[in-house]
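This report asks the reader to look at a pocket, at some buried residues and at a few unusual backbone angles. Please keep the model in view while reading.

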Amino acid sequence: MIMKKDFISIADYSPEALQGILDLAIELKKERLEKGENKPLLKGKVLGMIFQKPSLRTRVSFDMAMRQLGGDALYLSPNEIGLGQRESVADVARVLAGYVDVIMARVFAHQHVLDLAKWASIPVINALSDYDHPCQGMGDALTIIEKFGSLKGLNVTFVGDGNNVAVSLLHICSKLGANFTLASPEGYDLSSKALEEGKTFAAKSGSSIRTIRDPHEAVKNADVIYTDTWTSMGQEEETEKRKKVFPPYQVNAKLVSEAKPETIVMHCLPAHRGQEITDEVADGPHSVLFPQAHNRMHAQKAIIVSLFR
């Protein structure tokens, strides 16, 4: 019996496996751009998409990834499932496993994704949890590779909250050999678990990890500057507090000018323009925000295909 595979966290995958998925993403994107279509690698397959949190990019990129590979996608709203409330996660997992071929879940609690994977007999993909955002991390890596050819030896700086996006970026960088720096205010650091995992991966890949307070120091010699919203979904009650804490961490033209001349600026979107990033930077020559958003689809195609190989 072949064991089913899941895509729950970048931390679960070897550097070789991650690079293999990224190489496949590059191939699938090239095929689509050159031929106008992909081979129907997922013909007859259906992706069940569980959403506790809404998302433009996650919903459309997964839906179109399935369509372009010959499969289909089924959107399941929070009201239709009530994951862990109206019905237990275990029951949802076992019911869906009899209807669809793969499950994608965008949730609040990371444990819900883990429980779905435990109880479903089909592959489960973490499309975002409060712990990490591995699909975003893979799309980010694809974008960086397109610009620089590889992550090896690059300096990647995340400016802002040490949130789930920062965790996945840390993991993909440390797995594939990029030096990672987080500049965050006190009290908004990476989780100790994520940081310790990153240090373990970095020791094997020969890369480094820094966590500092000063964003100006953090972006010196940066090849990549990355930021995200100051307040994520589920943290709305902290909005006003965070608006007072994070302004020194805004990615603006002055901060970008302190990095390498060829640095690229990334953001997972949606952006709160005028807060964590200025219009001048988001729409400027260093920005790769929209190619980065589009690469979610190409990376996710490769993730889904890899789960059936």
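The text below describes the pocket, then the residues, then the backbone.

The model is predicted, so local features need pLDDT of at least 70 and side-chain atom pairs count only at pLDDT 80 or more, whereas totals for chains, interfaces and linings use all residues. Residues are numbered from 1 along each chain as its sequence is written, and side-chain values use heavy atoms, with hydrogens and water left out.

**The second largest pocket**

A pocket is an open set of points on a 1 Å grid over the protein atoms alone, where a 1.4 Å probe fits and protein lies on both sides within 12 Å along at least five of seven lines; its lining residues have an atom within 4 Å of a point. The second largest pocket holds about 270 Å³ of space, a volume being the space filled by probe spheres set on the points. Its lining consists of 17 residues, and Asp130, Gly162, Asn163, Asn164 and Gln235 lie nearest the centre. Because domain 1 (10–133 + 296–307) and domain 2 (136–293) both give residues to this lining, the pocket lies between them. The domain bounds come from an automatic or database assignment.

An unreviewed UniProt entry carries the annotation "binding site" for Asn164, Asp228, Ser232 and Met233. Of these, Asn164, Ser232 and Met233 are part of the pocket lining. Such annotations may be inferred rather than shown by experiment.

**Buried residues**

Helices (at least four residues) and strands (at least two) are DSSP runs numbered from the N terminus. A residue is buried when its relative accessible area is under 20%, with a 1.4 Å probe and protein chains only.

| Residue | Place | Relative accessible area |
|---|---|---|
| Asparagine 164 | helix H7 (residues 164–176) | 9%, buried |
| Serine 184 | loop between strand E6 (179–183) and helix H8 (192–205) | 1%, buried |
| Serine 232 | loop between strand E8 (224–227) and helix H10 (239–245) | 16%, buried |

Contact means heavy atoms within 4.5 Å. Not counting residues up to four places away in sequence, asparagine 164 touches Leu128, Ser129, Asp130, Tyr131, Asp132 and His133. With the same exclusion, serine 184 touches Gly160, Asp189, Ile212, Arg213 and Tyr249.

**Unusual backbone**

Most residues other than glycine have a negative phi, and most peptide bonds are trans. Leucine 269, however, has a positive phi near 65°, and the peptide bond from leucine 269 to proline 270 is cis, with omega near 0°. Proline 270 sits in the loop between strand E9 (264–267) and helix H12 (279–282). Asparagine 221 also has a positive phi, of about 65°.

Definitions and conventions
Buried means under 20% relative accessible area, exposed over 50%, partly exposed in between (1.4 Å probe, protein chains only).
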